[in-house]
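This report describes the fold, the helix packing and selected side-chain contacts of one protein chain. The sequence and the coordinates come first, and the discussion follows.

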Amino acid sequence: MPLSEHEQRLFEQIERSLAEDPKFASAVRASDPRFHARRRLLVAAGVMIAGLALLVYGAVIKTPPLAVAGFVVMLASAAFAVQSHRRAQSPDLHVVGGTTSRRHPRGRSGRRSSILDRMEDRWRQRPEGHR
């Protein structure tokens, strides 16, 4: 439903006043799930570099357990990075206004969401007398 001109002016005024408040901007940024996902990706990259350094150091001083530990650290941080990246790409993180989309198992998500969308549209368009 489109906003009236008065509502649009009020909305723009509220938006300008909130944009000028640095405390509010930092609070919103801190609660943004995408911000946390990005930070987790950076941490995973740092740990991966540390694991690579450990692997190389273990290989140079000829200590296989240290090199294997470095590899395990790299592998774990890569898995953490992939998981964080998938969370960052999740449609639930991009939703504004509090309504989130449903998650479905892989493979059938496109088909199931279109069927659900059609069912919801039919439900909304039903005559009011039929319940």
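## Helix packing, salt bridges and surface

The crossing between helices α3 and α4 is left-handed. This and every other value in the report is computed from a predicted model.

Two packed helices are described by the angle between their axes and the distance between the axes. For α3 (residues 33–60) and α4 (residues 64–88), the angle is about 165 degrees and the axes lie 7 Å apart. Because this angle is over the 145 degrees at which the antiparallel class begins, α3 counts as roughly antiparallel to α4.

The wider context is helical. The protein chain contains five helices and zero strands, and its pattern along the sequence reads α-α-α-α-α. Of its 131 residues, 10% count as buried.

**The α3–α4 loop and a contact across the sequence**

K62 is located in the loop that links α3 to α4. Its backbone is notable in one respect: K62 has a positive phi of about 60 degrees, although it is not a glycine. With a relative accessible area of 73%, K62 is exposed, because that value is over the 50% cut-off.

H85 belongs to helix α4. R40 and H85 are 45 residues apart along the chain, yet their C-alpha atoms are separated by 8.8 Å. H85 has a relative accessible area of 41% and is therefore partly exposed.

**A nonpolar surface patch**

Five residues, L52, V56, Y57, V60 and I61, make up a nonpolar patch on the surface. Together they present about 470 Å² of accessible area. One of them, V56, is part of helix α3. The relative accessibility of V56 is 43%, so this residue is classed as partly exposed.

**Salt bridges in helix α5**

How many salt bridges does a search of the whole structure find? The search returns two. One joins the side chains of R124 and E120, with an N to O distance of 3.5 Å. The other pairs R124 with D121, where the closest N and O atoms are 3.2 Å apart. Salt bridges that share partners thus connect E120, D121 and R124 into one network.

The spacing along helix α5 (residues 109–124) fits these pairings. R124 and E120 are four residues apart in this helix, so about one helical turn separates them. R124 and D121 are three residues apart in α5, which again means a separation of about one helical turn.

The exposure of the three partners is listed below.

| Residue | Relative accessibility | Class |
|---|---|---|
| R124 | 58% | exposed |
| E120 | 26% | partly exposed |
| D121 | 36% | partly exposed |

Why is R124 classed as exposed, whereas E120 is classed as partly exposed? R124 has 58% relative accessibility, and E120 has 26%. The exposed class requires over 50%, and the partly exposed class lies between that value and the 20% under which a residue is buried. D121, with 36%, is likewise partly exposed.

**Summary**

In this predicted model, the chain has five helices and zero strands, with α3 roughly antiparallel to α4. The loop between these two helices holds K62, and the network of E120, D121 and R124 is built from salt bridges that share partners.

Notes: Residues numbered from 1 in each chain as written. Predicted model: local features only at pLDDT ≥ 70, side-chain atom pairs only at ≥ 80, totals over all residues. Heavy atoms only, no water. Patch = residues over 30% accessible without salt bridge, like charges linked within 9 Å, V, L, I, M, F, W, Y side chains within 5 Å. Areas by Shrake-Rupley, 256 points an atom, 1.4 Å probe, with all protein chains shown as cover. Salt bridge = Lys/Arg side-chain N within 4 Å of Asp/Glu carboxyl O. Buried < 20%, exposed > 50% of the residue type's maximum accessible area, 1.4 Å probe, protein only. Axes fitted to C-alpha atoms, helices over the stretch in contact; angles between N-to-C directions. Parallel < 35°, antiparallel > 145°, perpendicular 65-115°, else oblique. Left-handed = near helix turned anticlockwise from the far one by under 90°.
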